[in-house]
Amino acid sequence: MASVLITGASRGIGRAIALELADRGHRVVATAREPEALADLPVDQRLQLDVTDQDSVDRAVREAGEIDVLVSNAGTTVRAPLESVPLAEFERVYQLNTLGALRIAQAVIPAMRRRGSGRLVFVSSIQGRLVLPIIGPYAASKWALEAIAETLAIETGHFGIKVSIVQPGAVSTAGAAQAGAFFGDDDPYAPLYQQLGALRGEAITPEEVAAIVADTVEHPHPDLRIPAGAPAERALKSRKEAPENEPFILANLDW
Ligand code: NJP
């Protein structure tokens with residue numbers, strides 16, 4: 001049994017991870033910006049935690065006590081072409097998906113390092129390895145997250161800390177649909193937006209992602225990168241097989 005802190009556990013994939021790990025008998029510390037949203041979760045602790053706020057992170061980690069595993073899941077996205085995406089929106093995505101994940105990792109690593117063991121599991125995306133038009137800020141945030149996670153694997157591996165990156169493709173949560181879209185009237189990028197909208201990857205459920213995360217938490221020697229399900233495996237394979245020296249276009253994507 002491990003003591004696991006999960007960020008973004010109020011809904012979607014994070015909530016499913018909290019339920020799955022609690023069901024498997026782990027000590028679960030579920031966190032979200034509004035702890036009321038966690039009230040019905042059958043977990044050991046429910047804490048307020050905003051990964052973009054250092055005080056909130058420090059307080060939650062103090063209150064959580066000993067943490068064996070961090071599941072860094074909180075994330076967001078935005079839809080807009082890079083030519084016109086409001087930079088404040090880009091920054092919001094980066095602050096949450098990238099620096100937020102590093103901030104919570106920084107808070108739990110010192111105790112893991114002193115103890116000589118610990119796990120960091122980052123929920124990334126296939127877009128941590130490939131790009132899709134109109135979701136550029138999201139891919140940029142997840143590529144950066146993967147660079148951070150892989151560097152942490154090297155830096156903290158010596159102290160007995162294992163790092164994994166879980167990469168879903170499409171998942172049937174409300175997250176992506178609720179994302180803001182920034183398009184002007186007669187936007188020249190509208191056809192690309194429609195093309196993206198028409199792209200229907202095979203979605204898996206948050207529960208399927210949660211089972212993969214839980215298996216990762218329990219695996220004695222987890223891989224660094226773990227595609228979440230067959231559609232993600234296909235998508236990442238299509239990226240690997242496409243030429244590296246050309247942009248990865250939607251027609252190349254198999255998912
Ligand atoms: O997201 P959503 P998903 N500090 O929007 C929390 C990745 N992924 O489950 O505080 C702390 O339903 C928010 O809590 P609240 C994706 O990139 C997804 O779809 O109550 N927490 C909520 O619990 C992300 O990394 C898909 O608003 C904050 C949670 O984050 C992860 O999976 C595909 C916060 C977001 O719930 C979960 O996505 C893929 C903050 N500042 C990767 N702000 C997909 N869904 O298709 C928000 O490849 N939260």
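An oxygen atom of the ligand is 3.0 Å from a polar backbone atom of Gly169 in this predicted model. The table sets this polar contact (a pair of N or O atoms within 3.5 Å; within protein, one must be able to donate a hydrogen and the other to accept it, and residues adjacent in sequence count only if both atoms are side-chain atoms) beside two others.

| Ligand atom | Protein partner | Distance |
|---|---|---|
| oxygen | Gly169, polar backbone atom | 3.0 Å |
| oxygen | Lys142, polar side-chain atom | 3.0 Å |
| nitrogen | Val51, polar backbone atom | 3.0 Å |

The ligand alone exposes 910 Å², of which the protein buries 91%. These areas come from the Shrake-Rupley method with a 1.4 Å probe; for residues, only the protein chains shown count as cover. Helices α1 (12-23) and α4 (136-157) are the elements that give two or more residues to the shell around the ligand. Helices (H or I, at least four residues) and strands (E, at least two) are DSSP runs, numbered from the N terminus. The ligand is surrounded by 27 residues, the closest being Ser10, Arg33, Tyr138, Pro168 and Thr173; a residue counts here if one of its heavy atoms lies within 4 Å. By class the shell has twelve nonpolar, eleven polar and four charged residues. Ala, Val, Leu, Ile, Met, Phe, Trp, Tyr, Cys and Pro count as nonpolar, Asp, Glu, Lys and Arg as charged, and the others, Gly among them, as polar.

Residues are numbered from 1 along each chain as its sequence is written. For this predicted model, local features need pLDDT of at least 70 and side-chain atom pairs count only at pLDDT 80 or more, while totals for chains, interfaces and linings use all residues; side-chain values use heavy atoms, with hydrogens and water left out.

Ser141 is found in helix α4. Its side chain reaches the backbone oxygen of Tyr138 at 2.7 Å and makes a polar contact of 3.0 Å with the side chain of Asn97. Asn97 belongs to helix α3 (residues 87-115). Ser141 has 0% relative accessibility and counts as buried; Asn97 is also buried, at 1%. Buried means under 20% relative accessible area, exposed over 50%, and partly exposed in between (1.4 Å probe, protein chains only).

Ile134 sits in the loop between β6 (118-123) and α4. Its phi is near 75°, a positive value in a residue other than glycine. With a relative accessible area of 5%, Ile134 is buried.

Glu208, in helix α6 (residues 206-218), is partly exposed at 40% relative accessible area. A polar atom of the Glu208 side chain lies 2.9 Å from the backbone nitrogen of Thr205.

The second largest pocket has a volume of about 300 Å³. Its lining has 13 residues, and Arg129, Leu236, Arg239, Lys240 and Glu244 are the closest to its centre. On a 1 Å grid over the protein atoms alone, a pocket is an open set of points where a 1.4 Å probe fits, with protein on both sides within 12 Å along at least five of seven lines; lining residues have an atom within 4 Å of a point. Grid points are joined across faces, edges and corners, and the volume is the space filled by probe spheres set on the points. Both β9 (225-228) and α7 (230-241) supply at least two lining residues, with the largest share, five residues, coming from α7. The lining divides into five nonpolar, one polar and seven charged residues.
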